[in-house]
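Colleague: Could you take one part of this model and go through it slowly for a first-year student, explaining each term as it comes up? Please then carry on from that part to the rest of the chain.

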Amino acid sequence: MKPIVSHAKEYGYIFSSSEIYDGLSAVYDYGPYGVELKNNIRNYWWKSMVQMHENVVGLDSAIFMHPEIWKASGHVDAFNDPLIDNKDSKKRYRADQLIEDYLEKYHKKIAKDTEKARKRFGAEFDEAQFLATNPNVLRNKAKIEEINFRMNEALKKEDFAALKALIEELGIADPETGSKNWTDVRMFNLMFSTQLGTIAGETGKLYLRPETAQGIFVNFLNVLKSTRQKIPFGIAQTGKAFRNEIVARQFIFRMREFEQMEMQFFVRPGEEEKWYTYWKEKRMKWHRTLYYQDIKINNSNRPSFDQILRFHKHEKLAHYARAAVDIEFHFPFGFRELEGIHSRGDFDLARHQEFSGKKLRYFDPELGSGYVPSVVETSIGLDRMFLAVFSQALDEETLEDGSQRTVLRLPAELAPVKVAVLPLLKKDGLPEEARQVFDRLKLEFMCQYDEKDAIGKRYRRQDAIGTPYCLTVDHQTLEDQTLTIRERDSMKQERIPLEKVGEVVKEKVQMENLLRQL
Ligand code: GAP
């Protein structure tokens, strides 16, 4: 992670919040390039979910909502993490995460054995067969399953004594100090609260939303009445969510203030399974499409789809879920949840009906009767997606002459700056000509004009920012109205006519390239 964090800072992608005051733990700010990349990822999601689906509409609900909503949603009573403190170091951890980190050791052993075997058997290596038959792998898999089972049973039954016993039995130590002197496990609510105006006490208590989903549920009727949607239909929104995470680490993977991109799809009761499968596949395709661009950029030296993206079915379900699956991404610290797809049944609408006293039903003209719809949810963290894209893109390349270059191989559709316009020299009328190109292109794309330093240095800087194309204006431009376009990844250059520049760039960087493949 170290090179990722320092590159993100050095090149204006991500800064620690309140840095001049020594930072605020697990809160981050997005810099000039970070905000562009974030906007582009959000845009890719929004267009694929809302623009590409006639039966999905958008919403932007407020962060503050009536406090009863969080009682109805179950968050006041059930949005808790099991915590354990180390008595010596005074550090606090999530009990389940200590166990999951312990399990990572077994996952690593399996990966190491697999790599060894791959080297030994070469082209004949059959990974699936190896994983299904090798005694060491099977032993490690069984251990993972057994520990997972015991942890999930303890969490399901809220048996905190069993959770502590498991931590002690496995000999899990404080990751920072090595101490095994643990307190009992306790529950801790993750919602932040604040006060409304001048009203003191419980009546004025407001929560910062821990998920954007509830804003959608409480607007179900408004959207239904104000649009011509019929079930099945979805409501999508993106926005900030807040959680008082105890274990806040791994950079922007787990933050206290983060952004979600969520969609609630309202369906006929009994049709949940069908739509759950539909959205599971749709969302995986969205990820794969992006990753496919990445494979195209990097050719063969990229892991296969299954080595980078996988489904993980939940054993322990959140309080609202009937079925849930994660899309996991292979981050630099291993496979972790990137997105959740949840079958929420009628839990939320039924609870809001009960707590608000308002009917949240749908009259189905095809059935001639009414019901409380069931919901299938897709929920992804924008910051987590940012980390996935950014960590995948950062590359250190050794060139033919032995020199090194740092290059951020972002898919062009997501790159913050689409083109840099560079006069070869800062004289002979080249800056004026380049400025004209820049002024024309900036109407359509995020562009950068740069005339400082030697051209090679300027190319390197754009490589590090992730700019997919550089346009260089040279003396020949003045003679024949052509310029060179340099590709970030191959570093190949070709001459194109000035009048075609806009068209050529558009074809290479437009979001449509991704959307067409979905
Ligand atoms: N409405 C359902 C819901 O909120 P979740 O699994 O708790 O489900 C959904 O969160 C997604 O939000 C996660 O898959 C993750 O990408 C993102 N997320 C959750 N907590 C986060 C945190 N503390 N920091 C960054 N992203 C987070």
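Modeller: Met-491 is partly exposed, with a relative accessible area of 27%, where buried means under 20% relative accessible area, exposed over 50%, and partly exposed in between, using a 1.4 Å probe and protein chains only. The model is predicted, so local features need pLDDT of at least 70 and side-chain atom pairs count only at pLDDT 80 or more, while totals for chains, interfaces and linings use all residues. Residues are numbered from 1 along each chain as its sequence is written, and side-chain values use heavy atoms, with hydrogens and water left out.

Met-491 belongs to the loop between strand E22 (482–487) and strand E23 (493–497); helices (H or I, at least four residues) and strands (E, at least two) are DSSP runs, numbered from the N terminus. Most residues other than glycine have a negative phi, and most peptide bonds are trans. Met-491, however, has a positive phi, near 65°. Asp-22 also has a positive phi, near 75°, and sits in the loop between strand E1 (14–16) and strand E2 (28–30), where its relative accessibility of 76% makes it exposed. As for peptide bonds, the one from Ile-231 to Pro-232 is cis, with omega near 10°, and Pro-232 lies in the loop between helix H10 (220–226) and E9.

On the other side of E22, Gln-481 occupies the loop between helix H17 (475–480) and E22, and this residue is partly exposed at 41% relative accessible area. Beyond residues up to four places away in sequence, Gln-481 touches Glu-433, Gln-476, Ile-496, Pro-497 and Leu-498, a contact being heavy atoms within 4.5 Å. Ser-369, which is 112 residues from Gln-481 along the chain, has its C-alpha atom 69 Å from that of Gln-481.

Val-50 offers another view of sequence and space, since this residue of helix H2 (residues 32–51) is buried at 16% relative accessible area. Its C-alpha is 8.7 Å from that of Gly-234, although the two are 184 residues apart in sequence. Leaving aside neighbours within four places, Val-50 is in contact with Val-56, Val-57, Gly-58 and Ala-236.

Aromatic rings come next, and the whole structure holds 26 aromatic pairs. Rings of Phe, Tyr and Trp (its six-membered ring) pair if their centres lie within 6.5 Å, and planes under 30 degrees apart count as stacked, over 60 as edge-to-face and the rest as tilted. Phe-253 and Phe-331 make an edge-to-face pair, 5.2 Å centre to centre with 80° between the planes. Phe-253 lies in the loop between strand E9 (233–242) and strand E10 (257–267) and Phe-331 in strand E12 (residues 323–331), so their pairing ties together parts 78 residues apart in sequence. Both of these residues, Phe-253 and Phe-331, are buried. Elsewhere, Tyr-13, Tyr-30, Tyr-33, Phe-386 and Phe-390 form one aromatic cluster.

Rings can also meet charges: a charge sits over a ring if NZ of Lys or CZ of Arg is within 6 Å of the ring centre and within 35 degrees of the ring normal. The charged end of Arg-486 is placed in this way over the ring of Tyr-459, 4.4 Å from its centre, and that of Arg-283 over the ring of Trp-286, 4.3 Å from its centre.
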